[in-house]
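Here are some exercises to work through with the model open beside you. Try each task before you read its solution.

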Amino acid sequence: MFDPKRFVEEKVSEAKEKIKGKAIIAVSGGVDSTVAASIVSNAIGEDLLAVHVDNGFMRDIFDGKRKRRESEYIVEVLKDSGINAKLVDASEEFLDALKEVSEPEEKRRIIGEKFIRIFENEAREFGAEYLVQGTIAPDWIESGGGQRDTIKTHHNVGGLPEKISLKLFEPNRNLYKDETRKVAEFLGFPDKIYRRQPFPGPGLAIRVVGAPPMRKNIEIVRRANYLWEKIIEDAIRDGTLEYKERQYFAGYFPNTKIVGVHGDLRFYKGFIGLRCIETKDYMTANFEKLPWGLLEEASIEITNELGKDVVGVFYDIANKPPRTVEFE
Ligand code: XMP
């Protein structure tokens, strides 16, 4: 049986032994990087800097009480747990760079490059000699394997260690996702963190589908996504849905206009796509056969709130493969 307490004790002493100088970690708010940051912070305190970059494509989330900007919430949680955390708000820079980019891989490339440059600056300024990463076992097992693993390699094993000449420390290297979640819970993080669903690095930018992630488009998908996530999470809280490994989000399709009617007038607007998949490892995934009531609630809430720009709500019932989890 996996024992989170023992794991933390072992890794904290290992970090104390191995890290002789300042260290830096990029924290996304996900469970993997949060656990890594917490372990190393327990070992070396203020000599660890946990940097969270707000690229302007982060979500709004419900923290159990109210609606929050995700980046602010993440940094607050890290600080509350005693981690030396810093929020770098680069949202304007990212939004400006992407306002005319509609090609998905181009969005990913620009966001990735900017992120690395910003993170490198932070590392230099802080005088970091060590890079801490939240890599877990599937990240490297699957990345070393056959062709089905290309997707994961592409997303998760980034260019950071190659590009930055820092010594690497990866406390979670041998953990699986469920174990990482147990460690995060043991460390006292809120369920919003230890149960957090994966969220892509390029964030909401790749959920404005086939169109540039302009401020307006991002705001629309952010609001739809908030409503959808809250419907699913409320259903988990009240027992309508069981908790399991799943990913649920909204995408905005502004370019394909579909028809609606208002009085005698027909009008054409974009639509929202909803996704909710259940999975073990995100390599394969099935759409979830959700209760119709939840989907109807989403359709009503989304068209009520976003009716100026959205007239339809579609639920994506394709499995991976041949689909992927994301819309782009
Ligand atoms: P796909 O869409 O490829 O996604 O089935 C598999 C998992 O990876 C996440 N994902 C990303 N993560 N950068 C990331 O860090 C990305 O560009 C990216 N694209 C997809 C996706 O959310 C899912 O959990």
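## Exercise 1: two helices that cross

Helix 1 and helix 9 (residues 177–186) have axes that come within 9 Å and cross at roughly 85 degrees. This is a predicted model, so a local feature needs pLDDT of at least 70 and side-chain atom pairs count only at pLDDT 80 or more, while totals for chains, interfaces and linings use all residues. Residues are numbered from 1 along each chain as its sequence is written, and side-chain values use heavy atoms, with hydrogens and water left out.

**Task.** Classify how helix 1 and helix 9 lie relative to each other, and list the residues that make the contact.

**Solution.**
- Start with the terms: helices (H or I, at least four residues) and strands (E, at least two) are DSSP runs, numbered from the N terminus.
- Axes are lines fitted to C-alpha atoms, for helices over the stretch in contact, and angles run from 0 to 180 degrees between N-to-C directions.
- Now the classes: under 35 degrees is roughly parallel, over 145 roughly antiparallel, 65 to 115 roughly perpendicular, and the rest oblique.
- Helix 1 and helix 9 are therefore roughly perpendicular to each other.
- On the helix 1 side the contact comes from P4, K5, F7 and V8, and helix 9 brings K182, V183 and F186. Contact here means heavy atoms within 4.5 Å.

## Exercise 2: build the sheet

**Task.** Work out the strand order of the open five-stranded sheet, then find what packs on the sheet.

**Solution.**
- Use this pairing rule: two strands pair if DSSP finds at least two bridges between them.
- Begin with strand 1 (residues 23–26), which pairs in the parallel sense with strand 2 (residues 48–54) over four bridges. Opposite A26 you'll find V51 of strand 2.
- Follow the chain from strand 1 through helix 2 (residues 31–44) to strand 2, and you trace a right-handed β-α-β crossover. Right-handed means that, with the strands pointing away from the viewer, the path from the first strand over the helix to the second runs clockwise.
- Strand 1 also pairs with strand 6 (residues 130–132), again in the parallel sense, over three bridges. There, A23 has Y130 as its bridge partner.
- Strand 6 goes on to pair with strand 7 in the parallel sense over three bridges, with L131 and L168 as bridge partners.
- The full order is 5-2-1-6-7, with parallel pairing. Strand 5 (85–89) and strand 7 (167–169) are the edges, each pairing on one side only.
- From one strand to the next, the twist averages 30 degrees.
- Helix 3 (residues 70–80) packs on the sheet and touches strand 2 and strand 5, its direction making about 165 degrees with that of strand 5.
- Helix 5 (residues 104–126) lies across strand 1, strand 2, strand 5 and strand 6, at about 155 degrees to strand 1.

## Exercise 3: salt bridges, buried or exposed?

**Task.** For the pairs R6–E10, K67–D60 and R68–E76, give the N to O distance, then sort the partners by burial.

**Solution.**
- The criterion is a side-chain nitrogen of Lys or Arg within 4 Å of a carboxyl oxygen of Asp or Glu. The whole structure has 36 such bridges.
- Burial classes are buried under 20% relative accessible area, exposed over 50%, and partly exposed in between (1.4 Å probe, protein chains only).
- R6 and E10 meet at 3.3 Å. Both sit in helix 1 (residues 4–18), four residues apart, about one turn of the helix. R6 is exposed at 53%, and E10 is partly exposed at 41%.
- K67 and D60 meet at 4.0 Å. K67 is partly exposed at 39%, whereas D60 is buried at 5%.
- R68 and E76 have their closest N and O atoms 2.7 Å apart. R68 is buried at 8%, and E76 is partly exposed at 34%.
- Finally, R59, E70, R196 and E229 link up in a salt-bridge network.

## Exercise 4: a loop residue and its neighbours

**Task.** Is Q197 buried or exposed, and which residues does Q197 touch?

**Solution.**
- Find Q197 in the loop between helix 10 (191–194) and helix 11 (215–237).
- At 6% relative accessibility, Q197 is buried.
- Leaving out residues up to four places away in sequence, Q197 touches R59, E229, R246, Q247 and Y248.
- E245 is 48 residues away along the chain, but its C-alpha atom is 7.6 Å from that of Q197.
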